[in-house]
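Reader: I should like a close look at a single part of this protein, described in connected prose. Please take the structure below as the basis.

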Amino acid sequence: MKKIIFLFFLFISLFSSAQNQKSSFKSGEWLKFRMHYGFLNASYATLQVKNSTINNKPVYHVVAHGKTTGFASVFFKVDDTYESYFDKKDGKPYRFVRKINEGGYKKDVEINFDYKKDKALLNDKKNKKKLNFDLQDSIQDLISAFYYLRNNYNVQDLVKGEAITLKMLFDDDGVFNFKLKYLGKEVVKTKYGKVECLKFRPLVQSGRIFKEQESLSLWVSNDDNRIPIRIKADIAVGSIKADLDGYNGLKHQFKIIMD
């Protein structure tokens with residue numbers, strides 16, 4: 001159960017990149033997702049975009065919060081918060097915060113990105129240790145990646161069946177490489193109606209969490225907002241599904257297919 005919210009924040013950040021000049025979001029955007037674990041409404045997650053400053057530089061400040069609810073919280077309580085501060089022009093992350101409490105398992109990590117020194121300093125506050133990582137081209141944190149990629153891919157450049165690699169840093173394990181495969185367009189039924197989506201499949205390593213390498217699927221709205229509509233993951237003990245449950249402050253019109 002403790003993986004549900006973390007997987008959500010991980011998978012929303014995993015889809016293709018290219019070049020796009022139109023911004024897909026603005027300050028004030030708020031998204032809410034309802035997550036299901038089997039028959040349980042296991043948890044919810046929210047993403048909110050705010051304005052802030054880092055070293056007197058205007059930045060976006062995104063706060064992502066996930067928490068188990070209802071009957072699911074009786075078995076396992078999760079209360080996770082992720083924060084990212086990133087550049088308004090090029091999407092480069094300046095600071096990433098990860099504070100999680102998953103059934104007593106806690107983490108309190110802050111990463112500061114120093115582009116003058118090409119270093120990222122990770123401060124593990126709980127374990128009182130600090131680590132340095134070399135910065136790599138277009139590196140993103142767990143949350144900034146989502147917003148960076150919303151502004152930096154072109155549907156016309158996507159090739160069905162091809163995989164793309166994304167570099168990410170969000171924990172003391174260091175820089176991760178994720179591959180994503182574009183699967184084409186698909187219409188998804190939602191509480192708001194039918195939505196045309198772009199479908200992606202992150203390629204993950206099979207093991208004690210996932211059933212097989214290709215066990216994850218992500219549907220992103222095929223409009224100018226490019227927001228996650230549905231995420232589904234088959235894991236060793238069932239399946240997880242997250243659906244868009246609420247939104248506010250979208251920059252563009254949310255397109256619904258009218259029958």
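Which residues of the largest nonpolar core touch the most other members?

Author: In this predicted model, the residues in question are Leu-31, Leu-47, Phe-96, Ile-111, Tyr-147 and Ile-229, within a core of 40 residues. Helix α3, spanning residues 144–150, gives the most to this core, contributing five residues. Apart from this core lies another, of 12 residues, which includes Met-35, Tyr-153, Tyr-182 and Val-220.

Leu-31 illustrates how distant parts of the sequence meet in the larger core. Leaving aside residues up to four places away in sequence, Leu-31 touches Ala-45, Thr-46, Leu-47, Phe-146, Ile-227, Pro-228, Leu-244, Gly-246, Tyr-247 and Leu-250.

Phe-25 offers a second point of view. Phe-25 is found in the loop that runs between α1 (3–11) and β1 (30–37). Phe-25 counts as buried because its relative accessibility is 2%, and the cut-off for buried is under 20%. With residues up to four places away in sequence again not counted, Phe-25 touches Val-49, Tyr-60, Phe-86, Tyr-147, Arg-150, Asn-151 and Lys-251. Of these contacts, Val-49 is 24 residues from Phe-25 along the chain, and the two C-alpha atoms are separated by 8.6 Å. Tyr-147, also touched by Phe-25, is one of the core residues that touch the most other members.

The setting is a protein chain of 259 residues, 49% of them buried, with three helices and 14 strands. Among contacts between residues at least 6 apart in sequence, 53% join residues at least 24 apart. The chain exposes about 12,700 Å², of which carbon and sulfur atoms supply 44%.

Note on methods. Residues are numbered from 1 along each chain as its sequence is written. This is a predicted model: local features need pLDDT of at least 70, side-chain atom pairs count only at pLDDT 80 or more; totals for chains, interfaces and linings use all residues. Side-chain values use heavy atoms; hydrogens and water are left out. A nonpolar core is a set of buried Ala, Val, Leu, Ile, Met, Phe, Trp, Tyr and Cys residues joined through side-chain atoms within 4.5 Å. Buried means under 20% relative accessible area, exposed over 50%, partly exposed in between (1.4 Å probe, protein chains only). Helices (H or I, at least four residues) and strands (E, at least two) are DSSP runs, numbered from the N terminus. Contact means heavy atoms within 4.5 Å. Accessible areas come from the Shrake-Rupley method with a 1.4 Å probe; for residues, only the protein chains shown count as cover.
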